[in-house]
Amino acid sequence: MGRGIKMRWLVGLAAFAACGTGSAQPPAAPAFNLPKAGAPLTLRASGRQQLRVVLVADGLTAPWDLVFIPGTSDMLVTESNGKLRMIQGGKVLPDPVWTPPSPTGNDILHGVVVHPDFATNKLVYVTYLKGDDQRQTLGMSRGRLDGTKLVDVKEIFVADAWENARPAFTGRMEFGPDKTLYVSVGDRDRLCCGPQDDNSIRIRAQSLDNDVGKILRLKDDGTIPADNPFVGRAGAKPEIFTYGHRNSYGLRFHPVTGELWQMEIGPNGGDEVNILKPGANYGWPLVSLGRNYSGTLVSDQAFHRDGMEDPVIFWTPQISPAAMAFYTGDKFPQWQNSLIIGALSGQHVERMPFNDKGQPLRREEFLSELGVRFRDVEIGADGYIYFSTEVRYGSGQPDGAVIRLEPAGDPQPAPTRNRSN
């Protein structure tokens with residue numbers, strides 16, 4: 001049973017985003033204004049906190065995902081045109097760490113994570129577009145990081161989400177506390193953007209006989225955990241954890257409750273954040289607050305259907321949220337456990353603190369002055385916040401960068417108010 005309309009919160013405004021990828025540009029984008037090497041930017045306050053933006057590395061082509069190499073300040077970054085890169089000492093190494101066995105193009109390589117036991121096994125996981133010019137799906141490989149190269153790479157899982165569609169395969173990954181791996185698969189919809197809307201592909205997100213529009217749960221070798229919710233159910237894929245999703249670009253475990261939070265880009269409106277429950281249905285495309293790109297409603301029951309879970313946060317119009325992390329560092333003590341979200345078409349970052357009931361108190365919007373699209377966010381071991389950014393989607397140009405967000409001085413005290421007698 002869903003949680004009902006009362007559990008939804010409207011938290012944002014943004015511009016149009018084509019086909020759920022955040023590929024369209026906002027109508028009035030600010031000027032490109034990333035910091036230069038050695039010259040950080042100090043920007044307006046978020047709440048009462050002044051912010052400093054530092055360039056970590058630039059010259060990347062459409063950076064999609066980033067992860068720190070444990071025990072170091074080095075990073076692995078996926079370029080969506082098909083190269084896994086390493087950043088060492090503020091420099092992008094010239095030779096790629098690995099390239100996937102995928103078609104060529106601008107949207108090939110997506111997710112990268114490291115194994116929870118990386119210190120002993122050096123394992124790295126990547127997701128990518130698999131197939132040919134006729135049919136594609138999401139593939140996952142695992143390899144061992146040996147210096148600056150990924151070696152002994154083996155494909156360990158291929159999603160049953162085949163379609164003649166390069167977009168909408170997503171591929172975010174997150175390891176759980178039990179060392180199982182959660183993976184997002186998009187709705188694979190190539191019919192979303194025409195004048196005559198067609199529901200025949202995305203409705204597969206409601207069927208358990210495929211991986212379209214699902215969150216999957218796997219063992220670290222790509223096999224299926226015996227306690228997955230649909231194991232042993234006739235006609236259901238045993239790798240499915242939850243279903244009824246559009247294009248999931250965020251997976252994070254809550255640092256206090258341990259719940260798995262998921263974020264997805266809606267169509268023309270209806271971006272959302274969900275708390276995932278094993279075996280639950282999250283509605284797409286039978287429930288959505290967005291509209292189809294033809295202008296029609298996605299669903300005649302936009303707010304709620306019995307038996308389907310409602311989001312805990314949604315945006316309409318949308319911001320195309322693609323980056324999500326809970327802040328758990330020590331550099332922004334007033335931000336502890338806040339949700340940090342980066343937007344593509346919205347071209348800004350949002351912070352959401354919560355009350356003791358888990359409800360968002362407000363949203364603070366910042367970094368719109370940079371004029372970039374935010375693809376991923378990670379909280380460093382140093383307590384700072386790191387983002388992968390790009391200027392224009394699909395440009396094929398090295399206009400991507402990794403930046404670091406730091407506090408600029410102490411938070412200012414709240415203003416006092418004189419009260420008359």
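Contacts in this predicted model often span long stretches of sequence: taking pairs of residues at least 6 apart, 60% of the contacts join residues at least 24 apart. The chain is built with 1 helix and 25 strands. Out of its 421 residues, 58% come out as buried. What does show on the outside adds up to about 16,700 Å², with carbon and sulfur atoms supplying 49% of that area.

One of the sheets is worth a closer look. Strands in a sheet are held as partners by backbone hydrogen bonds, and they can run parallel or antiparallel. Here, 4 strands line up in the order β11-β12-β13-β14, giving an open sheet with antiparallel pairing. The edges belong to β11 (173-175) and β14 (240-243); each has a single partner strand, so one side of each goes without a neighbour in the sheet. Going from one strand to the next, the twist averages 20 degrees. Zooming in on one pair, β13 (residues 214-218) joins β14 through 3 bridges, again in the antiparallel sense. Within this pairing, I215 sits opposite T242 of β14.

Further along the chain, H348 is found in a loop, the one linking β20 (339-343) to β21 (349-352). Is this loop residue buried or exposed? H348 counts as buried because its relative accessibility is just 2%, and the cut-off for buried is under 20%. The H348 side chain also has a polar partner: it makes a polar contact with the side chain of E350, at 2.8 Å.

Note on methods: Residues numbered from 1 in each chain as written. Predicted model: local features only at pLDDT ≥ 70, side-chain atom pairs only at ≥ 80, totals over all residues. Heavy atoms only, no water. Helix = DSSP H or I, 4+ residues; strand = E, 2+ residues; numbered from the N terminus. Buried < 20%, exposed > 50% of the residue type's maximum accessible area, 1.4 Å probe, protein only. Polar contact = N/O pair within 3.5 Å; in protein donor to acceptor, adjacent residues only side chain to side chain. Pairing = 2+ DSSP bridges. Axes fitted to C-alpha atoms, helices over the stretch in contact; angles between N-to-C directions. Contact = heavy atoms within 4.5 Å. Areas by Shrake-Rupley, 256 points an atom, 1.4 Å probe, with all protein chains shown as cover.
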